[in-house]
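The following note sets out comments for a colleague at the bench. The points are numbered for ease of reply.

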Amino acid sequence: MTEDRDAAPAVRNDQYHASGTASLGRNLRFWLASPFAAPFDPGDAPLALGALLLRAARTDHAGLFADPTTFEAVLALCYDLTAREASEMREACERVAAAAPDCASFAEILQRAVGLSDRQRFALSLHQVLMAVGPSQDAQREALSQLFLGAHSATDPAPLRAG
């Protein structure tokens, strides 16, 4: 169990496999209930960022990920996943998105909890996939990049401590 806690969160994390362990993440459901009181586990960043993208796609950018394979392509590129692993991770992200607060609040919380390098890697993967889909998503690509990178990070309070 401690090996999972110390493992790097980026590449082929076992929490995405279909063996029934693809849940909300190790501590993510507790953290979502009280993000300012509970520590954020950096290993939950991939699920949290994926859930934020799903939440944004369903509210502010409806239709952008009408085809689930586009969303899965972002996950696969960012976290070096196979198609099956990306599909399983999408399902886990959907469960997190269902439990997450509204999009703006969730984005603000994650901008303080998830490291800039993780958010940059996710935003870059999103940008690359949307560029491949077509240039018609320029405005949405820019808005989503700001959502993940934090357009107003200079005015945000201090980052939340990592678990």
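**Comments on helices and salt bridges**

1. Ala83 counts as exposed, since its relative accessibility is 63%. The residue belongs to helix H5, which covers residues 83–99. Ala83 is separated from Ala73 by 10 residues in sequence, and the C-alpha atoms of the two are 7.9 Å apart in space. Please bear in mind that the model under discussion is predicted.

2. Helix H4 (residues 68–79) and helix H7 (residues 116–133) have axes that come within 9 Å of each other and cross at roughly 135°. Angles over 145 degrees would count as roughly antiparallel and those from 65 to 115 as roughly perpendicular; H4 and H7 are therefore oblique to each other. Their crossing is right-handed.

3. The contact of H4 with H7 deserves a closer reading. On the H4 side, the participants are Thr70, Ala73, Val74, Leu75, Leu77, Cys78 and Tyr79. They meet Arg121, Phe122, Ser125, Leu126, Gln128, Val129 and Val133 of H7. By character, the residues of this contact comprise 10 nonpolar, three polar and one charged.

4. Arg121, one of the H7 residues in that contact, also forms a salt bridge with Asp118, with an N to O distance of 3.5 Å. Because Arg121 and Asp118 are three residues apart in helix H7, about one helical turn separates them. Arg121 is partly exposed, at a relative accessible area of 30%, whereas Asp118 is buried, at 19%.

5. In the whole structure, a search finds five salt bridges. Side chains of opposite charge can pair when their charged atoms come close. Within helix H5, Glu94 pairs with Arg90 in a salt bridge whose closest N and O atoms are 3.0 Å apart. The two residues lie four apart in H5, about one turn of the helix. Glu94 is partly exposed, with a relative accessible area of 29%; Arg90, with 14%, is buried.

6. Helix H6 (residues 103–113) holds both Glu108 and Arg112, which are four residues apart, about one turn of the helix. A salt bridge links Glu108 to Arg112, with 3.1 Å between the closest N and O atoms. How accessible is each partner, Glu108 and Arg112? Glu108 is partly exposed, its relative accessible area being 38%, while Arg112 is buried, with a value of 10%.

How values were computed: Residues are numbered from 1 along each chain as its sequence is written. This is a predicted model: local features need pLDDT of at least 70, side-chain atom pairs count only at pLDDT 80 or more; totals for chains, interfaces and linings use all residues. Side-chain values use heavy atoms; hydrogens and water are left out. Axes are lines fitted to C-alpha atoms, for helices over the stretch in contact, and angles run from 0 to 180 degrees between N-to-C directions. Angles under 35 degrees count as roughly parallel, over 145 as roughly antiparallel, 65 to 115 as roughly perpendicular and the rest as oblique. A crossing is left-handed if the near helix is turned anticlockwise from the far one by less than a right angle, and right-handed if clockwise. Contact means heavy atoms within 4.5 Å. Ala, Val, Leu, Ile, Met, Phe, Trp, Tyr, Cys and Pro count as nonpolar, Asp, Glu, Lys and Arg as charged, and the others, Gly among them, as polar. Buried means under 20% relative accessible area, exposed over 50%, partly exposed in between (1.4 Å probe, protein chains only). A salt bridge is a side-chain nitrogen of Lys or Arg within 4 Å of a carboxyl oxygen of Asp or Glu.
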